[in-house]
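Dear colleague,

I am passing on the structure we spoke about, and below it you will find a short account of what turned up when I went through it. Please read the notes with the structure open beside you.

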Amino acid sequence: MMCAKMTRLIAAGIVVLALLPAAYAQGPQPASGIPDITGSWERARDASIPPPMQPPLKPQFQKEWQARTQAAREAAAKGTPLADRATMCLPEGMPAMMGATFPIEILQSKGQITIIEEAFTQVRRILLDQPQKPIEDVEPGFYGHSVGKWEGSTLVVDTVGVRENVLFQNAPHSGNMRIKERISLGANGILRNEITIEDPATLEKPWTVTFAYRRIPNYTLLEYVCEDNREFADENGLQKIRVGAPGTSGK
């Protein structure tokens with residue numbers, strides 16, 4: 001049987017918890033002025049988002065990019081789309097994953113912001129309040145090395161070290177490409193991500209693309225594993241679909 005003294009202590013503890021501010025009851029809260037962007041998001045339309053612009057490639061790259069883009073359009077119109085990275089079960093990488101073809105989830109934690117895209121279960125990590133590494137010290141990858149800091153209510157991110165074969169809108173880039181982002185939450189609840197790509201080796205000037213997102217309340221990202229790989233590239237570089245797995249009747 002519980003003694004009277006223990007009963008009084010428990011009762012006192014309940015009273016203290018009841019008097020604590022709501023912030024304590026809800027767990028760690030963002031620092032003053034920093035918006036809470038944790039949650040699931042999807043691409044959204046917003047009047048404040050400027051129309052997309054073509055990559056301002058240097059002349060020696062522009063002609064090839066235009067020819068490749070036109071060939072892709074013509075193939076799609078004929079119903080014979082060209083094979084792309086998705087055909088080969090490869091993730092989009094940076095900055096394409098921020099286009100949020102599928103929903104994304106943002107997680108704010110101490111010293112880091114994690115962004116997950118449902119497609120291919122892509123994950124990128126933004127390390128907060130840390131110096132950026134020299135590009136030559138970063139192992140090239142699909143998402144590069146990202147560091148960020150809050151400037152008021154805007155998250156400013158710097159990314160380097162994206163592999164040269166990870167393309168955004170099929171535009172070529174060098175190993176020295178740098179991606180800068182300014183992520184901010186508007187009063188209308190729309191999250192903006194202004195992405196500026198800098199690469200003097202391939203671009204005439206910085207290339208800026210802006211995406212907007214809106215919250216998806218109570219949404220949990222679905223598992224996305226590219227395991228069956230029904231799509232493949234044939235000998236002509238066209239996207240094809242396997243009907244039936246090897247060793248089956250095709251049904």
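**Strand 5 and its partners**

Valine 147 stands opposite aspartate 158, which lies in strand 6. Please keep in mind throughout that this is a predicted model.

That pair belongs to a longer run of pairing, since strand 5 and strand 6 (residues 154–160) are joined by seven bridges in the antiparallel sense. The two strands form a hairpin with two residues between them, and in the turn glycine 152 has a positive phi of about 70°. Strand 5 also pairs with strand 4 (residues 122–128), here in parallel and through three bridges; within this pairing, leucine 128 has glycine 148 of strand 5 as its bridge partner.

Is strand 5 mostly buried or exposed? Counting as buried any residue under 20% relative accessible area, five of the seven residues in strand 5 (residues 145–151) are buried, so this strand is largely enclosed by the rest of the structure.

**The chain as a whole**

The protein chain contains three helices and 11 strands, and their order from the N terminus is α-α-β-α-β-β-β-β-β-β-β-β-β-β. Of its 251 residues, 35% are buried, while the accessible surface comes to about 15300 Å², with 56% of that belonging to carbon and sulfur atoms. Where contacts in the chain link residues at least 6 apart in sequence, 53% of them join residues at least 24 apart.

With best wishes

Technical notes: Residues numbered from 1 in each chain as written. Predicted model: local features only at pLDDT ≥ 70, side-chain atom pairs only at ≥ 80, totals over all residues. Heavy atoms only, no water. Helix = DSSP H or I, 4+ residues; strand = E, 2+ residues; numbered from the N terminus. Buried < 20%, exposed > 50% of the residue type's maximum accessible area, 1.4 Å probe, protein only. Contact = heavy atoms within 4.5 Å. Areas by Shrake-Rupley, 256 points an atom, 1.4 Å probe, with all protein chains shown as cover. Pairing = 2+ DSSP bridges.
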